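I opened a notebook page for this chain and kept the entries in the order of looking. The model comes before the notes.

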Amino acid sequence: MDYFDSRPRFSPIINSVPYRYSVGVYRGKKRVLLAWFLEEAPANDYLARCRRDHPNAKFDCLQSLF
């Protein structure tokens with residue numbers, strides 16, 4: 001088991017606000033978290049930029065269940 005499998009699954013709370021959208025990249029079968037966002041629009045903008053800068057990598061944006 002690596003470091004990413006052993007971490008608890010929750011969104012971080014920064015300035016008492018839970019961040020609800022995460023952008024991640026897949027490295028093999030593992031999803032590596034890149035960034036957390038409170039709103040969907042900035043998360044999608046970051047996702048588009050990542051996909052444009054690294055076209056061979058697989059990125060996604062997921063919404064937390066909070």
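The entries below go from the overall fold to single residues.

**Ground rules.** I am working from a predicted model, in which local features need pLDDT of at least 70 and side-chain atom pairs count only at pLDDT 80 or more, while totals for chains, interfaces and linings use all residues. I number residues from 1 along each chain as its sequence is written, and side-chain values use heavy atoms, with hydrogens and water left out.

**Fold.** I looked up the secondary structure first and found two helices and five strands in the protein chain. I take helices (H or I, at least four residues) and strands (E, at least two) as DSSP runs, numbered from the N terminus. Along the sequence the pattern reads α-β-β-β-β-α-β.

**Totals.** I then asked what share of the 66 residues is buried. Buried residues make up 23% of them; the term means under 20% relative accessible area, with exposed over 50% and partly exposed in between (1.4 Å probe, protein chains only). The protein chain exposes about 5,100 Å², and carbon and sulfur atoms supply 53% of that area. Accessible areas come from the Shrake-Rupley method with a 1.4 Å probe, and for residues only the protein chains shown count as cover. For contacts (heavy atoms within 4.5 Å), I noted that among those with a separation of 6 or more, 43% are between residues 24 or more positions apart.

**Core.** Which residues form the largest nonpolar core? I list 10 residues: Tyr21, Val23, Val25, Val32, Ala35, Phe37, Ala43, Leu47, Cys50 and Phe59. At least two residues of this core come from each of strand 3 (21–27), strand 4 (30–37) and helix 2 (40–53). By definition such a core is a set of buried Ala, Val, Leu, Ile, Met, Phe, Trp, Tyr and Cys residues joined through side-chain atoms within 4.5 Å. I followed Ala43 outward: not counting residues up to four places away in sequence, Ala43 touches Tyr21, Val23, Phe37 and Cys61.

**Rings.** I counted one aromatic pair. The ring centres of Phe37 and Tyr46 are 5.6 Å apart and the planes stand at 50°, so I filed the pair as tilted. The rule pairs rings of Phe, Tyr and Trp (its six-membered ring) if their centres lie within 6.5 Å; planes under 30 degrees apart are stacked, over 60 edge-to-face and the rest tilted. Phe37 is buried at 17% relative accessibility, and Tyr46 is partly exposed at 22%. I also found Lys58 over the face of Tyr26, at 5.1 Å from the ring centre. That entry requires NZ of Lys or CZ of Arg within 6 Å of the ring centre and within 35 degrees of the ring normal.

**Salt bridge.** How many salt bridges are there? I got one, taking a side-chain nitrogen of Lys or Arg within 4 Å of a carboxyl oxygen of Asp or Glu. The partners are Asp60 and Arg31, at 3.0 Å from N to O. Asp60 is in strand 5 (residues 58–63) and Arg31 in strand 4, so the pair links distant parts of the chain, 29 residues apart. Asp60 is buried at 13% relative accessibility, whereas Arg31 is partly exposed at 24%.

**Strand 3.** I looked up Ser22, which is in strand 3, and found it buried with a relative accessible area of 6%. Leaving out residues up to four places away in sequence, Ser22 touches Arg31, Leu33, Ala35, Trp36, Asp60, Cys61 and Leu62; both salt-bridge partners are on that list. Arg27 is also in strand 3 and is exposed at 54% relative accessibility. The C-alpha atoms of Arg27 and Lys58 are separated by 8.2 Å, with their positions 31 residues apart along the chain.

**Strand 5.** Is Gln63 buried or exposed? At 53% relative accessibility, I put Gln63 down as exposed; its place is in strand 5. Gln63 and Arg20 are 43 residues apart in sequence and 5.9 Å apart from C-alpha to C-alpha. Apart from neighbours within four places in sequence, Gln63 is in contact with Arg20 and Tyr21.

**Helix 2.** My last entry is Arg51, found in helix 2 and partly exposed at 44% relative accessibility. Arg51 touches Phe59 and Asp60, not counting residues up to four places away in sequence. The C-alpha atoms of Arg51 and Val25, 26 residues apart along the chain, are separated by 9.7 Å.
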